[in-house]
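The report below describes strand pairing and a few residue environments in a single chain. It is written to be read alongside the sequence and the coordinates.

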Amino acid sequence: MRRFIALTLAAALPTALGAEQAKLVDVAPIMAMGAYVPTDDMEGSEAFYRTLFGSDPAIGLPDFVAFDVAGGWFAIVSREKYAPGSKAGLGAVPYLQSGDLQALQARATSAGAAAPNIIEEPGIHLLKITDPNGQLIEFFKLTGQ
C-alpha cells in the first residue's frame, strides 16, 4: 500500500507543481525590465546615451527617449513632465550587466562623463558612472571568480 501511495504522489506531484507555476505566471506577468532617468536636457541626455549605448533610441519622442537594452527599455524622460519635483541624481540606481566594462568606460569618457576605475571584487567587477544630470548608473560584469 505504501508503494502505491508513493507512486501515486510521484505521478501527481509534477502535475500539481506545473499547475501552481502556471498560476504564478498568470498572477505576475512581468515580461521585461526597464528603468528611466529624469533629465532637464533631453537633447544633451539623448546624445550622451547614444554614445554610451552605441545605438540609436528605439523610441524618440520630445519628452521620452528609450533605448533597447537587453530586451528592456532604458529611457530618459523630461523631469518636468514625468518626474516633477524629483531631484537630480536621487532615487533608484539603474544597474546593468555588461560583457565589456572597458568599452563602456571609454564610451562614457568620450561622451563627457567621469568614469572612475573599474572596481574589481571576487566574482564581480563594477563600473559606476555619473551622467550629465548627476544620475549614478552602475554596470557590472560577473567574472566567475
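Two strands are taken to pair if DSSP finds at least two bridges between them. In this predicted model, strand E3 and strand E4 (residues 72-78) meet that condition, pairing in the antiparallel sense over six bridges. Within this pair, Asp68 stands opposite Trp73 in E4.

Both strands belong to an open sheet of four strands, whose order is E1-E4-E3-E2 and whose pairing is mixed. Strand E1 (35-39) and strand E2 (59-61) form the edges of the sheet, each of them pairing on one side only. On average, and with direction ignored, neighbouring strands of this sheet are turned by 15° against each other. In general, the strands of a sheet pair through backbone hydrogen bonds, in either a parallel or an antiparallel arrangement.

Is Ala66, a residue of strand E3 (residues 64-69), buried or exposed? Ala66 counts as buried because its relative accessible area is 0%, where the cut-off for burial is under 20%. When its neighbours within four places in sequence are left aside, Ala66 is in contact with Pro57, Ala58, Ile59, Trp73, Phe74 and Ala75. The C-alpha atom of Ala66 is separated by 9.3 Å from that of Ala35, a residue 31 places away along the chain.

A second buried position is found in a helix: Ser45 lies in helix H2 (residues 42-53), and its relative accessible area is 2%. Leaving aside neighbours within four places in sequence, the contacts of Ser45 are Thr39, Ile76 and Asn133.

Further along the chain, strands E6, E7 and E8 are linked by two antiparallel pairings, one between E6 and E7 and the other between E7 and E8. The table sets out these pairings together with one bridge from each.

| Strands | Bridges | Bridge partners |
|---|---|---|
| E6 (residues 119-121) and E7 (residues 124-130) | three bridges | Glu121 and Ile124 |
| E7 and E8 (residues 136-142) | seven bridges | Ile129 and Ile137 |

Each pairing also forms a hairpin, and the backbone of a glycine can be described in both. The hairpin of E6 and E7 has two residues between the strands, and Gly123 takes a positive phi near 90° there. In the hairpin of E7 and E8, where five residues stand between the strands, Gly134 takes a positive phi near 90°.

Key
Residues are numbered from 1 along each chain as its sequence is written. This is a predicted model: local features need pLDDT of at least 70, side-chain atom pairs count only at pLDDT 80 or more; totals for chains, interfaces and linings use all residues. Side-chain values use heavy atoms; hydrogens and water are left out. Buried means under 20% relative accessible area, exposed over 50%, partly exposed in between (1.4 Å probe, protein chains only). Contact means heavy atoms within 4.5 Å. Axes are lines fitted to C-alpha atoms, for helices over the stretch in contact, and angles run from 0 to 180 degrees between N-to-C directions.
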